[in-house]
Amino acid sequence: MIVGIIDYGMGNLFSVEQALKKLDCTVIMSDDPQTLLEAEAILLPGVGAFPDAMKLLTEKGLSDFIRSLPQKGIPLLGICLGMQLLYEESAEIKQTEGLGLLTGKVRRFEKGTYRIPHMGWNRLEFNSMPFWLESLQSDTHVYFVHSFYITETRTEEVFASASYGNVEVPGVVGKGLITGMQFHPEKSGDFGHYLLEQWIANVRGDKNEQFSNLSGN
């Protein structure tokens, strides 16, 4: 299976690429929309500031490309900053419009009794199961590194959250062909590997062909 990684200059691409290759995926890494259309699924990584990322995506013609993926029937996975970019707007540095594929806003953790950034292992609590996830393992700890999180979400678009201080941090989100993970699955041990494996299995159609049934969303 071919997975396209959007290389817009703001992501730790090597670890994601290696994780996908371990799942027997062929990886296309590019900032060219036409090249990325050769892929069966797209992954949007990201490390850094939201405004810088949106500026690069827009300059490279990738913003409109990403917004068009649901209509093209191509599954999309956003990781860390890549997940945050899927939302409507961010207050990081300056107010910046996002891709608007999911409902919610990106806000900084308020100063309080917990440390910023939210960095390290934290347990995911699943409110509902995304259709691509077959079952849960006993240990659902994953690795987070972020200072901003998603607020004002829709309940049905948040599958799992992690408690941090007095905040419930959306960890696994999605709607139709769009999926986001706030943590780094490629750095999250067995459970992170399992989540990627399950997502890829659905894209391949190894399970119930549910991604293909959502292509009209």
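**Group meeting talk: sheet, cores and spaces in a predicted model**

Let's start with a sheet. It is open, it has four strands, and their order is 6-5-7-11, with mixed pairing. Two strands sit at the edges: strand 6, residues 96-97, and strand 11, residues 148-151. Each of these edge strands pairs on one side only. Before I go on, please keep in mind that this is a predicted model.

Now look inside the sheet. How do strand 5 and strand 7 pair? In the parallel sense, over two bridges. Strand 5 covers residues 89-90, and strand 7 covers residues 105-108. For one facing pair, find Ser90: opposite this residue, in strand 7, stands Val106. As background, strands of a sheet pair through backbone hydrogen bonds, either parallel or antiparallel.

Stay by strand 11 for a moment. The loop between strand 10 and strand 11 holds Ser147. Is Ser147 buried or exposed? Its relative accessible area is 19%, and the cut-off for buried is under 20%, so Ser147 counts as buried. What does Ser147 touch, beyond residues up to four places away in sequence? The list is Arg107, Arg108, Phe109, Ile116 and Pro117.

Next, the cores. In general, nonpolar side chains tend to be buried together in soluble globular proteins. Here, the largest nonpolar core has 34 residues. Six of its members touch the most others: Leu20, Leu43, Leu124, Val172, Phe183 and Ile200. Several elements give two or more residues to this core, including strand 1 (2-6), helix 1 (13-22), strand 3 (41-44) and strand 12 (158-164). Which element gives the most? Helix 6, with seven residues.

Take Leu20 as an example. Setting aside residues up to four places away in sequence, Leu20 touches Val3, Ile5, Cys25, Val27, Leu43 and Ile200. There is also a second, separate core, with 31 residues. Among them are Ala53, Leu57, Leu85 and Phe148.

One more residue to find: Leu13, in helix 1. Leu13 has 11% relative accessibility, and buried means under 20%, so Leu13 is buried. Its contacts, apart from neighbours within four places in sequence, are Ile5, Ile6, Asp7, Met29 and Pro45. Pick out Met29 from that list. Leu13 and Met29 are 16 residues apart in sequence, and their C-alpha atoms are 8.5 Å apart in space.

Now the empty spaces. Rolling a probe the size of a water molecule over the atoms shows where such space is left. The largest pocket holds about 220 Å³. Two elements give two or more residues to its lining: helix 5 (81-84) and strand 10 (141-146). How many residues line the pocket? The count is 14, and Val47, Gly48, Cys80, Val145 and His146 lie nearest its centre. By class, the pocket lining has five nonpolar, seven polar and two charged residues.

Last, the cavity. How many cavities of 30 Å³ or more does a search of the whole structure find? One. The largest cavity has a volume of about 40 Å³. Its lining is Gly11, Asn12, Val16, Pro45, Gly46, Val47, Ile79, Cys80, His184 and Glu186. That lining splits into five nonpolar, four polar and one charged. Two names there should ring a bell: Val47 and Cys80 line the cavity, and both are among the residues nearest the centre of the largest pocket. Pro45 is also in the cavity lining, and we met Pro45 as a contact of Leu13.

Conventions:
Residues numbered from 1 in each chain as written. Predicted model: local features only at pLDDT ≥ 70, side-chain atom pairs only at ≥ 80, totals over all residues. Heavy atoms only, no water. 1 Å grid on protein atoms, 1.4 Å probe; cavity = no way out; pocket = protein on both sides within 12 Å on 5 of 7 lines; lining within 4 Å. Points joined across faces, edges and corners; volume = space filled by probe spheres on them. Nonpolar A, V, L, I, M, F, W, Y, C, P; charged D, E, K, R; others polar. Pairing = 2+ DSSP bridges. Core = buried A, V, L, I, M, F, W, Y, C linked by side-chain atoms within 4.5 Å. Buried < 20%, exposed > 50% of the residue type's maximum accessible area, 1.4 Å probe, protein only. Contact = heavy atoms within 4.5 Å.
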